[in-house]
Protein chains: 2
Amino acid sequence: MEPATNPQSYDPSRYERPSVTVDVVIFTLISQELHVLLVQRRHWPFEGFWAIPGGFINMDESLEAAARRELEEETGVRDVYLEQLYTFGDPDRDPRMRVISVAYIALVRADAQKIAASEESTDVRWWPVRALPEQLAFDHEQILAYAVARLRSKLEYTTLAFQLLPELFSILELKHIYEQILGEKLDKGNFYRKIKESNLLEETDVIREGRGRPTRLWRFRRDRASDKQFVFRWREDRIDR
Amino acid sequence: MEPATNPQSYDPSRYERPSVTVDVVIFTLISQELHVLLVQRRHWPFEGFWAIPGGFINMDESLEAAARRELEEETGVRDVYLEQLYTFGDPDRDPRMRVISVAYIALVRADAQKIAASEESTDVRWWPVRALPEQLAFDHEQILAYAVARLRSKLEYTTLAFQLLPELFSILELKHIYEQILGEKLDKGNFYRKIKESNLLEETDVIREGRGRPTRLWRFRRDRASDKQFVFRWREDRIDR
DNA sequence: TCGTGATAGTGTATAAGCTACACTATCATA
DNA sequence: TATGATAGTGTAGCTTATACACTATCACGA
């Protein structure tokens, strides 16, 4: 509890304190594929290794505010989807000192990447989650693996997939993302039916011309998102704590 | 990231550090009803208020180890289900100083409560979640509400309910718990079928005599639990991050 | 000893939802 | 005007869920 089981001996300042950082796993979609932002470290420890962006919390900001600050520093993006993932705190995860890291997941829209790209430095890159660097700094492999698993899992039963798409998109583009994430082909007809029945999409007048038949574009109804969660598929190996 | 976006200026010890505590929301079943363990504070701040048990982490133990230590100190119980809930870190959640609290959920078996009771001090009590104290210390109302919501949610699509039951139980007792949690009556026949099909229960030779027809008792197959998650019911308002 | 209430457990017709896949539609281009 | 490419619809049949009627086995009292 807050220090009071042994109240008579209470003196918080006695206790040695760990450092607390916030790490943000930033996902986006590039050419229909899921990517994550990593930064390359220039100094010991793990010099040259890729790492999840993050940093120390300020004493006067909330954890989420710290995560948003980090996110904006790295990508220049604001108002994105952000959720707390997990807190990693093994005693020796950082060789320098005890560091507790509160990890967050951020989803950045596909059409917002250019902002990131424009501010990209040589040691900041989007990596496809299917082809990540061999080894990451610290326990970041574990954090990233967990983030990917959680994202995959949640995309199946929430509207998170929409956060990755641009403002307007076709139903088959949406299907493509689901296929990427689920790792399997989906039936076109069934997908259309399911998405339409969900009533989460709003038809627009925009028609995109392409090689075949012109494609109608749709928009995500944010208002509906909170009312009704969209359950795309049930899986037995869900990760969602 | 771990401190290296600005590597040239890196010096972790410069940063002011928050205190980090682990709070454990301990649930159990008493007379078929969900209860939670709270401790009453003896000192400022929130003197006399009920709080979730917890304490500072040691510098050489993991977060989960700290949670298990707290749990054992409070209930004497080991080897229970434990999962990280969420990390609460608003700047002014503790009036004394900046405290980051990593909250855990623990599920204690119904037949293990006596252990807790035997070590109970005057200011430690099991509270039914349906009738909690008006106000809790710090932001513990929020933590507790979140824990209860997450527990309810997860009980529907995991085998967590079994963690609350004694070693041996009847299928209708299990049904009773699900009814408690879901807040609705379930069909007996469908419940039998669903549970049996799930293959999560192991029949025992134990028969309990009662008023009516004798009841066969069952045991939870822990080995199966990891293979196959038991999805009892889908809900649209799930909370599972 | 037979009936009744209480609890335990099974069977099944119907409804609802999902899946697979065949079908139609509309464009560009050769 | 035929062909390929992409967009979108219809539907038969299978699978699963729901509601509810049914059987089973005990204690206990008339």
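Two strands count as paired when DSSP finds at least two bridges between them, and this meaning of pairing is used in the first exercise. The model examined here is a predicted one.

**Exercise 1. The sheet around β10 of chain A**

Task: Work out in which order the strands of the open sheet of chain A lie, and find which strands stand at its edges.

Solution. Begin with the order, which is β8-β10-β9 in an open sheet of 3 strands with antiparallel pairing. Next, consider the partners: β8 (168–169) and β9 (201–208) of chain A each have a single partner strand, so they stand at the edges and one side of each is left without a neighbour in the sheet. Then look at how β9(A) is joined to β10(A): the two run antiparallel and are connected by 5 bridges, and they form a hairpin with 6 residues between them. At the level of single residues, A:Glu203 has A:Trp218 of β10(A) as its bridge partner, while A:Ile207 stands opposite A:Arg216 in β10(A). Finally, check the cover of the edge strand β9(A), which is hardly covered, since the count of buried residues among its 8 residues is 0.

**Exercise 2. The surfaces near the two DNA strands**

Task: Determine which residues come nearest to DNA strand C and which come nearest to DNA strand D, and then describe the surface near each strand.

Solution. Start with DNA strand C, which has 19 residues around it, the nearest being A:Gly189, A:Arg213, B:Gly189, B:Gly212 and B:Arg213. The elements that each supply at least two residues of this surface are α6 (188–198) of chain A and, from chain B, α5 (171–182), α6 (188–198) and β10 (215–220). Of these, α6(B) gives the most, with 3 residues. Sorted by class, the surface near DNA strand C holds 4 nonpolar, 8 polar and 7 charged residues.

Continue with DNA strand D, around which there are 18 residues, and here A:Gly189, A:Gly212, A:Arg213, B:Gly189 and B:Arg213 come nearest. For DNA strand D, at least two residues each are supplied by α5 (171–182), α6 and β10 (215–220) of chain A, together with α6 of chain B. The largest share, 3 residues, comes from α6(A). The classes near DNA strand D are 4 nonpolar, 8 polar and 6 charged residues.

**Exercise 3. The two domains of chain A**

Task: Locate the domains of chain A and describe how domain 1 of chain A is in contact with domain 2 of chain A.

Solution. First take the bounds from the domain assignment, which gives domain 1 (15–155) and domain 2 (166–227). Taken over C-alpha atoms, the centres of these two domains of chain A are separated by 29 Å. Next, count the residues in contact: 9 residues of domain 1 of chain A meet 6 residues of domain 2 of chain A. On the domain 1 side, β2 (33–40) and α3 (140–155) of chain A each supply at least two residues, and the residues of that side divide into 4 nonpolar, 1 polar and 4 charged.

**Exercise 4. Confidence along chain A**

Task: Establish which element of chain A has the lowest mean pLDDT and which has the highest.

Solution. Consider the whole chain before its parts: chain A has a mean pLDDT of 82, with 81% of its residues at 70 or more. Among its elements, the lowest mean, 51, belongs to helix α2 (residues 113–119), and the highest, 96, to strand β6 (residues 99–107). Then examine residues 225–229 of chain A, where the pLDDT is below 50 and the model has 8 contacts beyond near neighbours in sequence. To finish, the model scores ipTM 0.82 and pTM 0.85.

Note on methods:
Residues are numbered from 1 along each chain as its sequence is written. Chains are lettered from A and ligands numbered from 1 in the order in which they are written. This is a predicted model: local features need pLDDT of at least 70, side-chain atom pairs count only at pLDDT 80 or more; totals for chains, interfaces and linings use all residues. A residue is near a molecule or strand if its C-beta atom, placed from the backbone, lies within 6 Å of it. Helices (H or I, at least four residues) and strands (E, at least two) are DSSP runs, numbered from the N terminus. Ala, Val, Leu, Ile, Met, Phe, Trp, Tyr, Cys and Pro count as nonpolar, Asp, Glu, Lys and Arg as charged, and the others, Gly among them, as polar. Domain bounds come from an automatic or database domain assignment. Two residues are in contact if their C-beta atoms, placed from the backbone, lie within 7 Å. pLDDT is the predictor's confidence in each residue, from 0 to 100. A residue is buried if 20 or more other C-beta atoms lie within 10 Å of its own, exposed if 12 or fewer, and partly exposed in between; C-beta atoms are placed from the backbone.
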